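Reader: Please show the structure, and then take me through one sheet and one helix.

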Amino acid sequence: MNWLNITKIKTAISMTLALLACFNVEIAWANSQGHNDSSPSTILIKVEKSTADTPEKWVVTYTLTTPAKTLAFVRNPDTSRTTRWFSQDNDIEIVFDDTKHQELVRSKSGMPLSTVSFLLTPTYKHLGKDYAPFSPFSDGGNAFHSGRLFACANACTEEDNKWHLTINVPSDEHIVLNGKVVKNSVSWTDNNDGRVVYVGKQQPIITDDVVALIDPGLPESIKASLEEDIPNMMAFFSHSLNPLKGEKPMLFASYANVDDHSTQGGTLPNQIFMHWNRQDLNEQADNSSFVNQTLWFFAHEVAHLYQPGSTEGVSENEEQSWLHEGNADYFAAIAMNFLYEDANSYVESRMTRAFESCTEGLAQTTLARAYKNGHFNLYYSCGMIMHRAIDSVVQQKTLGEESLFTVWKRLQKAVNSGMPPGTATFLTLLEPYNAPELIKAINNATSDDALKAIQGIETLYHLPE
């Protein structure tokens, strides 16, 4: 497959493409509403980037309006802050509390905390099921995840969902925040999962529909794909589901040519971001297998944008991640089959591998426990098989009049009208199709009984035969 030889969008979505300008990447961004909130915060977070003494130095400072014994971080996917954040005060340290499974800032001497500062490591770090703290660009720019900085005095509660941040940057660089380009310094109030913020010299591509920062160091074929394939995928999902609404969206595509083989993507409200952390990208860019993997990668992340609101708007908890991850993978399969004539064999091989991976994984842990046991990949593989079965049964029951897209449009409507996200709501949407075997198999597949789970997936794989 040639990156530049993009298959024409079929007649069914040609009008949609005409309405979507390049990079019509769109999400309803609830987080942006917090930007204008002026409510007080107990912690002020200041980020400073300087290049005076070193090529790049990032420091974060926490100022507590009321001194506290410890500082607790909201997001704790691993213990990497203990090795990547360096205290600017010998009396201050970051430790990992095994009981709370949380990283904490404390004073070695027991003194209460009022102001603490840390030198950050502004390189890419893979975090299991979380967003990378930094995504470096090859020209010296960097994008960071604000949610990585969220912290609370002593302990975090459900009520802690508002943080005041300020960032200062060198005079020859700028900040891209909420689609706006700002010089020198900017302050904002953040919440929920946070957002990605860019700092550097690269001017974003700003159109009526999108703000895009695409790494100039990426191979030309990948840059061309970002400019062509993603809009095509957006058009496909906009036609198949519901067009997205909200503020001007953002696309980040960063690249670090380092001795690694990592690729990571993600979405936050109104943002889609991708990072390549590998030294062989130029060589791989012309490899057909890599091309298909990258297109799948794009399609999966774009599919997430069309799920109801956010991950929390789909799945009630981690053990239900088969809903959003499995759905995004199956939607990626549908999109690739629709958009690229020569991708069918690749998609079929992915489906076969997903079934094999799912059944092998379920022999070790169930979906109910997979996230605890380090087998999060099962939510992708098993979830894709489950959504494939739902699509097949719905189409069979309605003689092709409805499909999985119909079910997900109803899920969007249900969640928007106040129904709780999660498996219970999703399964109620399948009841009108009178498919008890399908629902029983899904319940078995998601049960905590390994034998039942495997039998459920095997049944789903062969439905509606």
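Reader: Which residue of S10 does Ala-72 stand opposite?
Author: The model is predicted, so local features need pLDDT of at least 70 and side-chain atom pairs pLDDT 80 or more, while totals for chains, interfaces and linings use all residues. Residues are numbered from 1 along each chain as its sequence is written, and side-chain values use heavy atoms, without hydrogens and water. Strand S3 (residues 70–73) pairs with S10 in the antiparallel sense over three bridges; strands (E, at least two residues) and helices (H or I, at least four) are DSSP runs numbered from the N terminus, and pairing takes at least two DSSP bridges. Opposite Ala-72 in S10 stands Cys-152.

Reader: Which residue in S6 is the bridge partner of Leu-71?
Author: S3 is also joined to strand S6 (residues 102–107), antiparallel, by three bridges. The partner of Leu-71 there is Val-105.

Reader: Which strands stand at the edges of the sheet?
Author: The open sheet has four strands in the order S5-S6-S3-S10, with antiparallel pairing. Each edge strand has a single partner, so one side of each is left without a neighbour in the sheet. These are S5 (92–97) and S10 (151–153).

Reader: How many of the 18 residues of H5 are buried?
Author: Helix H5 covers residues 288–305. Buried means under 20% relative accessible area, against over 50% for exposed and in between for partly exposed (1.4 Å probe, protein chains only). H5 is largely enclosed by the rest of the structure, because the buried residues number 15 of the 18.

Technical notes. Expected span 1.5 Å × (residues − 1).
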